[in-house]
Amino acid sequence: MLRWKRILLGVTGGIAAYKAADLSSKMMKLGAEVRVALTRHATEFVAPLTFQALTGNPVITDMFDPRTEQTMSHIDLARRVDIMVLAPCTANMIGKLAAGIADDWLSTAVLATRAPVLICPAMNTRMFENQVVQGNLTRLAARGFHLAPTGVGDLACGEKGQGRLIEVEQILEMIQLILAEKDLPGRKVLVTAGPTREYLDPVRFISNPSSGKMGYACARAAARRGAEVVLVSGPSRLAPPVGVNLIRVSSGREMLEACLAHFDDADVVIKAAAVVDYGSSQTRPHKIKKHEGVTTLELVKTPDILETMGQRKKQQILVGFAAETQKLVEHAQVKMDKKNLDLIVANDVAQEGAGFESDTNIVKILQRHGPIQELPLLTKDEVAGIILDRVLDLLQHREASKA
């Protein structure tokens, strides 16, 4: 979350400037205090009044604007902000910052700040690929600027390629990644997410409605807190979290193999995937036709990924999930003991706000020793943060006991 964070949004003169209005609105909704500065060329694309209406703050457009609150506003704001975000950032502004040129309010403020600066490039593909622009980006990265990637797709000039401003949600994620407290640096976290599929033939499969939202939230939260994260995901439409190594799989067998490839090096494993328990004993090579008269399927158990990791566990903190519809705590306790877990997160999927595909969850967190922690209705990002708080407590306790 960005609650109480002070953000300076710098908008430069590109067609993607209209997206900055959406970005400022969403930052405000997340609780941030947002100030906006437009370059002279940016005002040709979006009116300052738009940002003033969205943020409730006067918009800076000129170094010597008499309406500016203070004569040295670029210095004052540069001292007070938690982060500066330049979105979109043109090749011109990138070149000025790389050369240390400060010839307008925004470039001067960037040079005057000690806050982190996130640059979100947006330009024509050929401009972006130009060796001068690439050299400037390399220099800025070496000096500690945070660089967002560019998107690939249709450009306003009619060409198709790299250079688009990334989506607003990705910018928001990068801001939170930069600002989050880094209390898991050097830790390796393995997360599983989403459903798995067990195919009957090339077009039919057994699966479940899991969206992957809970696992993706855990991976995102761990990355924000400085961990090195591997996310093994079944089929999901969710965008990959920023700063995470995403491995896509389909079947339970594929997920097990991917997990075992990273398990031994992991400090923490959060198994949030909803793995299908049974698959067909025989996968047909061609589509099963109606006239074949297949009315019975022979099912066999799929690999129990969590139990396998519980048996192999050494130093890892192992976290499991229990999605139940009755006897929630009782079933979760049995699962925790049987599969050698350190924590288990239990939720009643029949409860409103806690089921598959929901953006929220209602969970109880159990551990081997200690009281059950019952959480109210929260977003899955909030639940993920609390799970990682508990994981951090276990890591610190384990390390203190070894000292």
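Two residues are taken to be in contact when heavy atoms of theirs lie within 4.5 Å. On this basis, among the contacts in the chain between residues at least 6 apart in sequence, 66% join residues at least 24 apart. The model examined here is predicted.

The chain has 403 residues, of which buried residues make up 51%. Its secondary structure consists of 13 helices and 21 strands. Taken along the principal axes, the box filled by the C-alpha atoms has dimensions of roughly 75 × 60 × 40 Å. The accessible surface of the chain amounts to about 19,900 Å², and carbon and sulfur atoms account for 50% of that area.

Packing between helices was examined for H8 and H9. Helix H8 spans residues 168-179 and helix H9 spans residues 213-224; their axes come within 8 Å and cross at roughly 45°. The crossing makes H8 oblique to H9, because an angle of this kind falls outside the ranges that count as roughly parallel, roughly perpendicular or roughly antiparallel. On the H8 side the contact is made by Glu173, Gln176 and Leu177, and on the H9 side by Arg220, Ala223 and Arg224. Charged residues from this contact also appear in a network of salt bridges, in which Glu173, Arg220 and Arg224 are linked together with Asp381.

Salt bridges were then considered across the structure, which holds 20 of them. Side chains of opposite charge can pair when their charged atoms come close. Three individual pairs are described below.

In one pair, the side chains of Lys339 and Asp304 meet with an N to O distance of 2.9 Å. Distant parts of the chain are linked by this pair, as the two residues are 35 residues apart. Lys339 lies in the loop between H12 and strand E17 (343-348), while Asp304 lies in the loop between E15 and helix H11 (305-312). Lys339 has a relative accessible area of 13% and is therefore buried, the cut-off for this class being under 20%. Asp304, at 28% relative accessibility, counts as partly exposed.

Another salt bridge is formed by Asp337 and Arg368, whose closest N and O atoms are 3.6 Å apart. Asp337 belongs to helix H12 and Arg368 to the loop between strand E19 (364-367) and strand E20 (373-374), so the salt bridge ties together parts that are 31 residues apart in sequence. Helix H12 itself covers residues 328-338. Asp337 has a relative accessible area of 44%, which means that this residue is partly exposed. Arg368 also counts as partly exposed, at 36% relative accessibility. From Asp337 to Val249 the distance is 28 Å, C-alpha to C-alpha, with their positions 88 residues apart in sequence.

Strands E19 and E20 are themselves joined by a salt bridge between Lys364 in E19 and Glu374 in E20, two residues that are 10 residues apart. The closest N and O atoms of Lys364 and Glu374 are 3.0 Å apart. Lys364 is partly exposed, with a relative accessible area of 21%, whereas Glu374 counts as exposed at 57% relative accessibility.

Val249 also appears in the surroundings of Gly234, a residue in the loop between strand E11 (228-233) and strand E12 (244-248). With its neighbours within four places in sequence left aside, Gly234 is in contact with Ala193, Pro195, Val249 and Met255. Gly234 counts as buried because its relative accessibility is 2%. The C-alpha atom of Gly234 is separated by 9.2 Å from that of Ser211, a residue 23 residues apart from Gly234 along the chain.

On the surface, a nonpolar patch is formed by Tyr278, Val294, Leu297 and Leu299. Together these residues have about 340 Å² of accessible area. One of them, Leu299, is found in strand E15, which covers residues 299-301. Leu299 has a relative accessible area of 43% and is partly exposed; it can belong to the patch because patches are made of residues with over 30% relative accessible area and no salt bridge.

Note on methods:
Residues numbered from 1 in each chain as written. Predicted model: local features only at pLDDT ≥ 70, side-chain atom pairs only at ≥ 80, totals over all residues. Heavy atoms only, no water. Patch = residues over 30% accessible without salt bridge, like charges linked within 9 Å, V, L, I, M, F, W, Y side chains within 5 Å. Areas by Shrake-Rupley, 256 points an atom, 1.4 Å probe, with all protein chains shown as cover. Salt bridge = Lys/Arg side-chain N within 4 Å of Asp/Glu carboxyl O. Helix = DSSP H or I, 4+ residues; strand = E, 2+ residues; numbered from the N terminus. Buried < 20%, exposed > 50% of the residue type's maximum accessible area, 1.4 Å probe, protein only. Axes fitted to C-alpha atoms, helices over the stretch in contact; angles between N-to-C directions. Parallel < 35°, antiparallel > 145°, perpendicular 65-115°, else oblique.
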